[in-house]
Amino acid sequence: MNALPFDPVASVLLIPLGGAAILALLPGYRVTARLNVLAALLTLLSALSLFFVETRVPGTYLFIDDLNIVFIVLNSFVGFTTSVFSASYISHELETGRLKPVYLRFYHAMFQVMMFGMNLALVANNIGLMWVAIELATLTTVLMVGIYRTPEALEAAWKYFILGSVGIALALFGTILVYMAARPVVGEGLDAMVWTILIEHAANFDPALINLAFVFLMLGYGTKVGLAPLHAWLPDAHAEGPTPISAVLSGLLLNVALYAVLRFKLLLAANPEALAPGPLMVTMGLTSLVFAAFMLYRRRDIKRMFAYSSIEHMGIIAFAFGMGGPLANFAGLLHMVMHSLTKSAIFFAVGHISQVKDTQKIADIRGLTVSHPWLGWGLVLGVVAIAGLPPLGIFMSEFLVVSSTFARVPWLAIPLVFGLLVAFGALLLHLNGLAFGEPKGSTAPVQASYVPMFAHLALVFGAGIYLPPPLVGWFQHIAQLLG
Amino acid sequence: MNSVSMLLLCVAALLGLSVLAVAPVRTRAVHTLIYGGALAVSLIALGAAVAHIAIDGAADSTAVLPLGLPWLGAHFRIDALAAFFLAVVNLAGAAACLYGLGYGRHEEAPHRVLPFFPAFLGGMNLVILADDAFSFLLCWEFMSLASWALVMAQHRNPENARAGYVYLVMACFGTLMLLLAFGLLSGPAGDYGFAAIRVAEHGALPAALVLGFALIGAGSKAGLVPLHVWLPLAHPAAPSHVSALMSGAMTKVAIYGFIRIVFDLLGDPPWWSSMAVLIVGGVTAALGVLQALMQRDLKRMLAYSTIENVGVIFCGLGLALAFQASNMGWAAALALTAALFHVFNHALFKSLLFYGAGAVLTATHERDLERLGGLIHRMPATALFFLVGCAAISALPPLNGFASEWLLFQAILQSPELPQWGLKIIVPGIGAMLALSAALAAACFVKAFGIAFLGRPRSAAATNAQEVDRFSTAAMAILAALCVLTGIMPGLAIDWISPATLSLLGDRMPAQTIDPWLSIVPIAQGRSSYNGLLVFLFIAFSASIAVFAIHRFASNRIRRGPAWDCGFVEPSPATQYSADSFSQPIRRVFGTLVFRAREQVEMPPPGDSGPARHLVEQRDLIWDGLYGNIAGAIGFAADRLNYLQFLTIRRYLSLVFLALVILLLVLAI
Amino acid sequence: MQHGLVFDIAHLLAGGLVLVSFVMLYQDRLYALLNVFALHAFVLALSVAWQAYSQEAYHLFITAALALSFKALFIPIALHRIVRRLGIHREIENVVGIGLTMLAGMGLVALSLVVMLRVTVEADPLAREDLAFALSVVLLGLLMMVTRRNAVSQVVGFMSLENGLILAATGAKGMPLVVEISVAFSILIAFIVIGIFLFRIRERFDTVDVHALDRFRGEQQ
Amino acid sequence: MTLIGDLILQGAQMLLVLLLAPLLTGFVRKVKARLLRRRGPPVIQPYRDLLRLLRKDVVLAENASWLFRVIPYLIFAATWVGAALIPTFATGLIFSWTADLIAIVALLGSVRFFLALAGMDVGTSFGGIGASREVMIASVAEPAMIMVVFTLALVAGSTQLSELAGFMSSPAVGLRVSLGLALIALIMVAIAENARIPVDNPATHLELTMVHEAMVLEYSGRHLAMIEIAASLKLLLYVSLIAGVFVPWGLAVSGGGPAAYAIGAAAYLVKLAAGGFLLALFETAIAKMRVFRVPEFMGAALMLGLLGALLLFVSRSL
């Protein structure tokens with residue numbers, strides 16, 4: 001079935017797992033950091049090799065289809081760049097002694113476990129397995145968020161943990177309900193949890209049950225997506241954890257949770273009598289967008305600010321997918337990819353900035369373009385991108401999101417545009433202070449790895465102007481699948 | 001090689017230049033290379049655009065690049081309208097490059113200007129070239145972004161940073177409004193190519209909505225009241241040659257956007273929507289010039305006068321819409337020609353004036369009129385060119401500003417034949433507004449020139465100012481010459497515009513160049529005509545006769561002496577009329593109404609030799625009334641919502657719980 | 001008849017679980033709460049066992065045993081220890097009065113019944129009833145977490161919520177083992193991490209009261 | 001042949017206005033003096049003054065710029081051209097289409113522009129006063145004038161002065177309210193533009209009330225002469241404008257024989273005399289108003305003009 005000498009699906013899962021095992025054993029920072037990068041790279045390669053799998057037979061546990069390949073590749077790519085970034089970041093953390101060497105092993109191992117969890121969640125064909133994987137990823141990130149052991153970090157982790165586990169519970173209940181709905185149709189046993197089988201028979205499920213199931217799944221996984229009003233854990237978790245983790249959280253984990261929501265949305269959409277999932281997602285999306293947009297204004301902590309911007313963008317993406325239709329789905333996918341790349345790039349910049357300025361308070365960071373031109377302009381570029389200005393990718397996706405409303409519900413464009421504008425104002429307001437004006441704080445040179453940041457920005461820039469036809473075809477195909 | 005690919009190559013070259021300028025070498029060579037290269041490229045682009053107009057009935061040349069929206073591609077197209085605006089933009093651009101060659105040397109942060117300047121030029125060209133909604137908006141926003149970077153060039157001054165912020169937010173607002181307009185235009189089908197939009201049918205209400213969005217979106221960039229607030233902040237903040245570009249060229253690009261959407265894509269909106277354009281235009285013209293009169297910062301005054309001229313142009317557009325709605329093609333063509341002609345003229349003399357202001361700035365490091373004066377002695381060339389600019393923008397015959405205003409008045413005189421009562425009532429009012437703003441503009445520029453260049457120096461800086469470098473003067477000289485030329489032979493310009501009106505309205509003004517003595521005749525010889533050339537010649541002729549006769553037959557001797565001044569001896573320069581005192585009478589006439597201006601005089605008690613104090617406070621009602629409240633509302637909402645950041649975990653849980661219960665209730669019901 | 005009996009017993013046990021949840025809601029002493037939670041777990045174990053017996057799904061006995069040993073015995077004892085060691089004051093601060101909480105609980109139960117009974121009868125009644133009760137247990141657990149200020153009682157609320165999940169899972173006929181394992185797994189993780197946190201927190205503050213954590217907030221300055 | 005004839009006619013008009021302008025000024029002064037029971041200077045006094053001024057040296061303030069010396073000739077030329085394009089004794093002169101009414105108004109506007117600049121050039125406080133007050137008055141007077149132009153143009157369907165005069169002399173005009181309004185507005189504007197009482201006092205040299213005089217305070221010799229004659233030309237221009245448009249009788253039509261032209265010239269002189277007399281009468285009858293009452297005065301003119309135009313806009317559609 002497979003032209004490749006190895007099974008890419010397995011390797012996508014096993015490499016991180018093995019990496020985690022090894023990293024957990026090895027002491028010493030330099031080696032582990034390099035190994036970490038290596039493992040991430042291998043994962044990326046095997047993820048890319050997924051494209052060359054000609055025939056895909058869905059297994060009972062794992063499967064590959066067009067939808068999750070995109071997520072996996074994005075996932076392992078950002079994971080790779082983040083590991084590169086984290087190498088230079090963590091070294092600085094060690095020098096300043098914020099991070100004790102003891103925790104370092106733990107850190108790298110956990111990083112790989114997290115990658116494993118997310119990849120597993122993406123390739124899982126079994127909704128139970130998917131649930132397990134997502135919880136695994138969540139719990140690892142909980143531990144990573146608390147890694148600094150400062151009161152704030154612990155509190156953030158604690159909050160994340162409590163809210164997360166409630167989410168866990170709700171998602172599990174939803175999963176059980178889906179099984180209950182499937183059992184009379186598919187029959188007892190494992191098959192009733194295999195997604196590919198579920199989607200075939202979804203039409204005959206009991207509508208009331210899967211409605212209920214979707215409510216729980218939406219709330220359960222929506223907590224991970226960080227949609228308002230379930231977002232509470234997100235800002236603090238981003239702000240207090242190590243920056244690489246913030247990058248991974250914003251860039252990846254939210255997407256994985258969103259992916260789960262999408263899967264179940266498909267399930268629900270396949271059933272004619274069931275409620276349309278769209279309105280719920282659109283409502284929560286708009287709520288998150290507008291809410292986060294307003295929250296951006298009063299932020300004092302730079303990482304927390306960008307965390308809120310992640311909520312905002314997740315809202316936009318949820319809005320797009322909820323809106324449905326090929327155009328909107330395409331826009332949602334594109335926006336998701338662009339947001340992952342941009343936001344992680346921003347967090348790379350922010351990580352170095354907060355290190356060199358030794359603060360996360362926006363008020364204490366001024367005139368970066370003067371004091372640290374590369375970081376400063378990188379940040380400017382990133383914020384300009386995330387604010388949706390051309391010629392960067394998010395402009396295109398936001399253009400598509402807004403214009404897609406005219407196909408379905410034109411008046412929805414008004415609140416959408418309003419939210420976008422409010423968020424824009426807030427981001428620019430903060431950027432003005434951060435990047436321009438008289439420099440403030442230390443102007444010491446920073447040893448930073450600019451490669452990941454500018455690589456991401458370059459990709460976003462390129463995508464804003466030119467999307468390669470194969471990619472477009474691929475996305476359009478998926479957009480069709482998503483209905 | 002058709003003209004569109006020619007221009008695309010020019011744009012590519014400009015963008016290449018801006019990439020080149022990022023290179024960290026900071027030498028004069030780089031500076032010269034960038035501006036020189038940009039100059040060459042803009043000249044080429046100008047040539048291409050002019051050639052496209054000149055070739056009579058040149059076919060629209062189009063090009064499609066595999067960029068932008070994947071399934072659409074990036075469409076570019078040059079038609080008569082685009083060619084005209086390209087000519088305007090690139091003319092202004094070339095002048096700016098020439099000026100920049102000299103002016104840019106005094107830049108304190110060249111690395112914050114050089115990379116963005118060519119990008120800005122390229123962006124403006126791209127907007128005009130774009131032929132589908134996505135590329136249009138992308139280039140539009142890119143243009144805003146580049147100009148924003150230029151505004152932020154002197155970012156250490158907090159005022160500029162604020163200006164940049166307000167500017168970019170307003171720009172984004174405008175773009176989103178345009179996005180809504182395009183969304184409505186392309187409808188559910190969602191085909192964003194202009195070609196598809198053109199053929200689509202639009203109902204009356206959607207059409208009116210689109211026009212509204214376009215008016216807001218393009219107007220916020222062009223500086224229509226009440227969306228103009230960013231303009232007087234941002235334009236002065238940029239380096240002067242960029243200010244000139246922003247005022248002279250970018251506002252024109254915005255006007256192009258409006259014309260493209262409303263006249264070309266939208267087909268014919270209902271007649272009553274033209275009233276909105278007319279009223280907004282009239283109010284903008286009057287308010288803009290009044291504000292300009294109250295300024296004492298030279299560049300800010302120029303920025304406000306830009307707002308006035310934009311208002312004038314929109315009056316013309318509104319008239320054209322009204323006529324078009326009643327199928328009076330000839331009148332619509334007249335109005336539109338007047339508007340486009342004014343676009344061209346304003347690009348000329350506003351650039352010229354900003355260069356003059358820039359020259360004054362480099363010579364004296366002063367923008368405050370109260371600290372200038374007597375510069376005509378120290379900077380004769382600049383003074384002469386600035387005077388030409390002032391005369392032109394004050395619509396004095398035989399200069400170009402008058403020609404376009406005259407056409408506009410002729411268009412207004414056609415309006416009684418409109419069937420609609422609403423228009424009948426407001427059009428004369430608009431005419432009065434235009435006349436008022438023309439007169440106020442004259443007053444404004446008497447003040448500008450009189451205070452800055454005439455009289456005696458009010459500060460040491462003004463006393464020992466030096467004439468600026470030859471690049472700057474050359475740029476000013478060229479523009480001044482163009483002002484005079486277009487003024488005395490406006491027929492040429494009109495004939496160059498008429499292809500655009502023909503393509504948009506299917507009608508055009510009669511050919512002018514065939515008339516004897518190059519006079520312009522809008523409708524018929526019997527109706528009205530004006531001949532700038534002859535007026536110019538007559539004045540020159542009779543003036544020289546007078547000079548000759550008097551110097552020949554009467555005395556030609558001159559004695560220098562102290563000023564008479566009713567016998568006051570050697571008063572200090574401080575006793576001259578200052579900028580504020582000059583505008584005081586007009587402030588007393590209009591100020592209380594428009595600015596809530598309050599004056600209070602504190603006289604020292606008799607016998608006390610202390611100085612008397614005269615305080616004037618005036619408020620920008622629009623800022624206070626509109627933007628202040630919006631900002632307040634957002635701040636309020638942000639504060640209230642911010643409490644949600646500080647809840648306890650339990651409260652967050654109860655949020656989740658609440659959401660769950662509500663959804664369950666939804667299911668249960 | 002036989003089926004009827006099976007149904008009734010399952011129904012009884014599930015209902016009992018809901019009842020115990022109410023009793024938990026009623027408690028205002030920490031130790032008493034822990035004891036009641038033990039009872040809760042015990043009832044759960046019974047009902048799971050009964051399900052295992054009635055469905056001939058004998059692997060479910062593992063879950064039952066797990067519930068019995070782990071949640072009915074180990075956790076309450078451990079929590080007793082912690083409470084004593086940390087010297088947490090024994091009474092539980094409620095946000096709203098007990099009465100009001102009970103009323104809300106009633107409302108929730110009613111809601112869950114209404115929601116569940118909309119499910120068509122094709123799904124077998126046993127599952128339906130069980131699900132209805134399980135849902136109410138879940139909601140009651142959530143309610144408890146929301147209405148209690150004290151960290152330990154919040155944890156207890158969370159675990160009773162998990163019990164509801166297990167009830168649902170076992171009620172779902174023929175549900176693969178993967179679920180039970182994952183439930184246990186998650187509870188284990190949950191408990192360990194909570195324990196870690198409690199100790200961490202212990203190192204820094206004198207109380208597990210979540211308020212103490214809430215005082216530290218990056219935004220407050 | 002005809003071309004030469006036309007050119008001659010045009011030249012004749014230019015000379016005529018140039019020669020008549022001081023006479024009109026003198027005449028008005030004389031009549032005013034008479035009305036005040038003074039003997040007053042002879043009617044030809046303005047000529048004498050001009051010749052005297054022309055012969056005198058120019059005393060130039062130290063920091064007067066080249067602009068200061070150019071402006072008088074500019075003003076003179078512009079006013080002269082304006083006056084030459086007004087139908088005085090005949091319509092349809094060869095160059096009459098060079099500038100229509102709007103252009104002529106604008107021409108006078110540029111005269112004012114440069115005069116104001118001249119006032120500010122030397123840098124004295126009085127020049128400033130004059131300039132700022134002048135532009136203030138103009139900022140209201142000019143719209144009023146434009147409104148008058150609108151009204152006339154709408155009646156005659158043309159802004160071309162010859163056409164206008166021709167139409168007004170034709171029976172098609174009839175008696176119209178808006179024309180009356182326009183006439184009043186035009187007269188008010190004319191008074192303001194020529195710095196006559198009650199807006200300004202050409203005879204005053206009391207500093208604080210000066211407007212026009214304050215601007216030209218620093219001028220002397222031939223420059224002053226130029227400005228004086230320009231002022232007279234302006235007065236003549238307005239009188240003949242009013243005459244040509246509102247009492248167009250006797251105007252010779254282009255191509256009419258010498259007789260017609262003779263009649264036209266005679267009629268023109270009569271009109272001038274009448275206009276001058278009425279002006280003098282008016283000026284002696286009322287007192288000068290405070291400077292800041294002027295805007296209200298001009299505002300009234302503007303309102304009248306607007307009203308007239310509106311009436312037309314509305315009535316023409318009936």
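This report describes chain contacts, one chain's fold, one domain pair, one buried proline and one helix pair in a predicted model.

At the level of the assembly, four pairs of chains touch, and among these the pair formed by chains B and D has the most contacts. Two other pairings that involve chain D are without contact, and the table gives the separation of their closest C-alpha atoms.

| Chains without contact | Distance between closest C-alpha atoms |
|---|---|
| Chain A and chain D | 41 Å |
| Chain C and chain D | 56 Å |

Chain B, the partner of chain D in that pair with the most contacts, is assigned two domains, domain 1 covering residues 347–547 and domain 2 covering residues 621–668. The C-alpha centres of domain 1 and domain 2 of chain B are separated by 54 Å.

Chain C is built with eight helices and zero strands, so that its elements, read from the N terminus, follow the order α-α-α-α-α-α-α-α. Of its 221 residues, 47% count as buried. When the contacts in chain C with a separation of 6 or more are considered, 73% of them come from residues 24 or more positions apart.

In chain A, Pro16(A) is located in helix α1, which spans residues 8–25. Pro16(A) counts as buried because 27 other C-beta atoms lie within 10 Å, where 20 or more are required. Apart from neighbours within four places in sequence, the residues in contact with Pro16(A) are Ala39(A), Thr43(A), Gln112(A), Met115(A), Phe116(A) and Asn119(A). Val142(A), by comparison, lies 126 residues from Pro16(A) along the chain, and the C-alpha atoms of the two are 18 Å apart.

Chain D offers a helix pair that can be described in some detail. Helix α3 of chain D (residues 66–84) packs with helix α4 of chain D (residues 101–121) at an angle of about 160 degrees, and their axes are 9 Å apart. Because this angle is over 145 degrees, α3(D) is roughly antiparallel to α4(D). The crossing in which α3(D) passes α4(D) is left-handed. On the side of α3(D), the residues that meet α4(D) include Leu67(D), Phe68(D), Ile71(D), Leu74(D) and Ile75(D), while those contributed by α4(D) include Ile104(D), Leu107(D), Leu108(D), Val111(D) and Phe114(D). The residues of this contact between α3(D) and α4(D) divide into 15 nonpolar, three polar and one charged; Asp121(D) of α4(D) is among the residues that take part, as are Thr79(D) and Gly82(D) of α3(D).

Notes
Residues numbered from 1 in each chain as written. Chains lettered and ligands numbered in written order. Predicted model: local features only at pLDDT ≥ 70, side-chain atom pairs only at ≥ 80, totals over all residues. Axes fitted to C-alpha atoms, helices over the stretch in contact; angles between N-to-C directions. Helix = DSSP H or I, 4+ residues; strand = E, 2+ residues; numbered from the N terminus. Parallel < 35°, antiparallel > 145°, perpendicular 65-115°, else oblique. Left-handed = near helix turned anticlockwise from the far one by under 90°. Contact = placed C-beta atoms within 7 Å. Nonpolar A, V, L, I, M, F, W, Y, C, P; charged D, E, K, R; others polar. Domains from an automatic or database assignment. Buried ≥ 20, exposed ≤ 12 C-beta atoms within 10 Å, placed from the backbone.
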